[in-house]
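Biologist: I am new to this structure and would like a close look at a single part of it. Could you take me slowly through the sheet and the charged pairs that go with it, and then through whatever helps to place them in the rest of the chain?

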Amino acid sequence: MSDDDIRQDDAEDAVPRWYAIQCKGGESFRAAEHLGNQGYEIFHPVLEVQKKRRGKLEWVSEPLFPYYLFIRLDRLVSNWRPIRSTRGVLKLVTFGGGMPVPVGDALVATLRRHAQRDQDDTAHVYFRAGEAVEITEGPFKDLQAIFSSHKGEERAIVLLNMLHQQQRLEMPVTQLRRRD
């Protein structure tokens, strides 16, 4: 191995890369919090989903990958030792029992873009009367309507132009999105 090859390997080791961390069951949020408190750059993709709790629909955050999160490290400067003993962390993901293998930057970038878009899409839950909305599911999918009122927490009344008249239509709030 020449000196140039060694310098090239050192340069690649100094570049921060994303790695996967396996978390203990149900503790990915705890692991992300504690790693973040230690100064590590963490990406913990979550989904906002509606769950019925105590008879009401509520939005809750759930991990996209229930037992995993991503951490950005470089092989030369980052302190890897405290990671394994962090609350909620089980181990860094390795293949063949050796060193952790980096996750592709493009994959993490794509997941981050989708996570941001999903956060933006959940902003449609609360509407005001007169607000323009788009129907996202069902037989009226992609049609534009005017939000009229909420009917409880799960249903909404919208005004839809059909046959040159405004028709009142009741539908789940989850099938509506604000028009851009």
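Modeller: What follows begins with the sheet, goes on to the charged pairs and ends with a helix.

Please keep in mind throughout that this is a predicted model. The part to look at is an open sheet of five strands, and if you read across the sheet, the order is β10-β9-β8-β7-β11, with antiparallel pairing. The two strands at the edges are β10 and β11, and each has a single partner strand, so one side of each is left without a neighbour in the sheet. From one strand to the next the twist averages 45°. In general, the strands of a sheet pair through backbone hydrogen bonds, and they may do so in a parallel or an antiparallel way. Here, β8 and β9 run antiparallel and are joined by five bridges; to find one place on this pair, look for F147, whose bridge partner in β9 is V158.

Now turn to the charged side chains. Side chains of opposite charge can pair when their charged atoms come close. A search of the whole structure finds seven salt bridges, and one of them is formed by R155 and E170, with 3.2 Å from N to O. This pair links distant parts of the chain, since R155 belongs to strand β9 (residues 155–162) and E170 to strand β10 (residues 165–172), and the two residues are 15 residues apart. Both partners count as partly exposed, R155 with a relative accessible area of 31% and E170 at 34% relative accessibility.

A second pair brings in the edge strand β11. E131 forms a salt bridge with R178, and the closest N and O atoms of the two are 2.4 Å apart. E131 is found in the loop between α4 (105–121) and β7 (132–135), while R178 is in strand β11 (residues 176–178), so the pair ties together parts that are 47 residues apart in sequence. What is the surface exposure of E131 and of R178, buried or partly exposed? E131 has 17% relative accessibility and counts as buried, because the cut-off for that word is under 20%, whereas R178, at 28% relative accessibility, counts as partly exposed.

The loop that comes after β7 is also worth a look. T136 has its place in this loop, between β7 and β8 (144–151), and at 18% relative accessibility T136 counts as buried. If residues up to four places away in sequence are left aside, T136 touches K141, T174, Q175, L176 and R177. One of these contacts, L176, falls in strand β11, which covers residues 176–178.

For a view beyond the sheet, consider helix α2 (residues 28–37), in which S28, A31, A32 and L35 are buried. Seen down the axis of α2, the buried residues fall within an arc of 100°, so they line one face of the helix. The general reason is that an α-helix has 3.6 residues a turn, so residues three or four places apart point the same way. After α2 comes G39, which has a positive phi, near 95°. Another of the salt bridges joins E27 and R30, with the closest N and O atoms 3.6 Å apart; E27 is partly exposed, with a relative accessible area of 22%, and R30, at 34% relative accessibility, is also partly exposed.

How values were computed:
Residues numbered from 1 in each chain as written. Predicted model: local features only at pLDDT ≥ 70, side-chain atom pairs only at ≥ 80, totals over all residues. Heavy atoms only, no water. Salt bridge = Lys/Arg side-chain N within 4 Å of Asp/Glu carboxyl O. Buried < 20%, exposed > 50% of the residue type's maximum accessible area, 1.4 Å probe, protein only. Helix = DSSP H or I, 4+ residues; strand = E, 2+ residues; numbered from the N terminus. Contact = heavy atoms within 4.5 Å. Pairing = 2+ DSSP bridges. Axes fitted to C-alpha atoms, helices over the stretch in contact; angles between N-to-C directions. Arc of directions from axis to C-beta.
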